[in-house]
Amino acid sequence: MTAPTITLVRGDITEQDADAVVNAANSSLLGGGGVDGAIHRRGGPEILADCRRLRASHYGKGLPTGRAVATTAGRLPARNVIHTVGPVHSASEDRSGLLASCYRESLRVADELGAATVAFPAVSTGVYGWPMADAARIAVAAVRGTETSVREVRFVLFDEAAYIAFQAALAEYA
Ligand code: ADP
């Protein structure tokens with residue numbers, strides 16, 4: 001196991017040609033807005049069917065924050081979707097350990113799948129309100145600190161501001 005190469009792209013997570021793409025899911029696993037909505041829309045109903053099965057078999061109370069689980073990727077170019085539940089940002093409580101856990105746990109699941117390339121969105125930076133620069137530092141540090149067989153971790157950033165934040169975080173950890 002070695003540290004994966006980290007690459008940054010501006011784009012849409014649903015278009016990524018990677019072994020696995022990560023979904024910024026919510027704990028219900030039943031879909032939502034943002035990345036979650038886009039993945040289910042483009043990937044088709046097979047993903048939701050898998051999510052429902054997982055809920056019924058393992059996560060009746062929902063997937064806990066910071067954890068990750070894999071399903072089919074349906075019609076997406078990827079082989080699998082790894083659903084992870086980011087923490088809602090809080091000004092009064094430090095939840096950065098939970099955000100780091102999303103990346104670590106997703107890579108652990110990717111290892112179980114034998115995935116060589118994994119594409120991540122900027123988890124928790126949309127509806128869940130995490131400031132981009134801070135989320136980028138946590139994401140890069142978490143990936144850098146994880147032992148994994150994944151060879152490429154690709155951060156897929158939706159807009160220029162997110163891309164710049166991740167570039168800065170990568171430069172800090174270079
Ligand atoms: P969360 O609920 O974890 O905050 P969101 O899906 O609301 O997740 O947003 C996470 C980040 O993903 C935001 O920065 C948002 O701009 C970005 N985003 C939204 N749609 C896409 C997409 N299709 N591909 C990549 N990133 C996306």
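So, how many of the residues in strand 4 are buried? Strand 4 runs over residues 80-85, and 6 of its 6 residues are buried. Before I go on, keep in mind that what we're looking at is a predicted model.

Okay, let's stay with strand 4 for a bit. As a general point, side chains in a regular strand alternate between the two faces of the sheet. Here, both faces turn out to be covered. On one side you've got Asn80, Ile82 and Thr84, and on the other Val81, His83 and Val85, and every one of those is buried. If you're following along on the screen, click through them one by one and you'll see the two sets.

Now, who are the neighbours? Strand 2, residues 20-25, runs parallel to strand 4, and 6 bridges join the two. If you want a spot to orient yourself, find alanine 24, which stands opposite threonine 84 of strand 4. That's the Thr84 I just listed among the buried residues. Then there's strand 3, residues 68-72, which pairs with strand 4 in the antiparallel sense, over 5 bridges. There, look for threonine 71, which sits opposite valine 81. So strand 4 has a parallel partner in strand 2 and an antiparallel one in strand 3.

Right, on to the aromatics. The count comes to 4 aromatic pairs. Let me show you two that share tyrosine 103. One is tyrosine 103 with phenylalanine 120: that pair is tilted, with 4.9 Å centre to centre and 40° between the planes. It ties together distant parts of the chain, since tyrosine 103 is in helix 3, residues 96-113, while phenylalanine 120 belongs to strand 5, residues 117-120, and they're 17 residues apart. Both tyrosine 103 and phenylalanine 120 are buried.

The other is tyrosine 103 with phenylalanine 155, and this pair is edge-to-face, at 6.0 Å between centres and 65° between planes. Again we're linking distant parts of the chain: helix 3 holds tyrosine 103, strand 6, residues 152-157, holds phenylalanine 155, and the separation is 52 residues. Phenylalanine 155 is buried too, just like tyrosine 103. Add Phe166 and you have the whole group: Tyr103, Phe120, Phe155 and Phe166 make up one aromatic cluster.

Last thing, the record. UniProt, in an unreviewed entry, has the annotation "domain: Macro" over residues 1-174. In the model, that span is 39% helix and 19% strand, and its end C-alpha atoms lie 19 Å apart. Okay, that's me done, over to you.

Conventions
Residues numbered from 1 in each chain as written. Predicted model: local features only at pLDDT ≥ 70, side-chain atom pairs only at ≥ 80, totals over all residues. Heavy atoms only, no water. Buried < 20%, exposed > 50% of the residue type's maximum accessible area, 1.4 Å probe, protein only. Helix = DSSP H or I, 4+ residues; strand = E, 2+ residues; numbered from the N terminus. Pairing = 2+ DSSP bridges. Phe/Tyr/Trp six-rings, centres within 6.5 Å; stacked < 30°, edge-to-face > 60°. UniProt positions renumbered as here; feature names shortened; annotations may be inferred.
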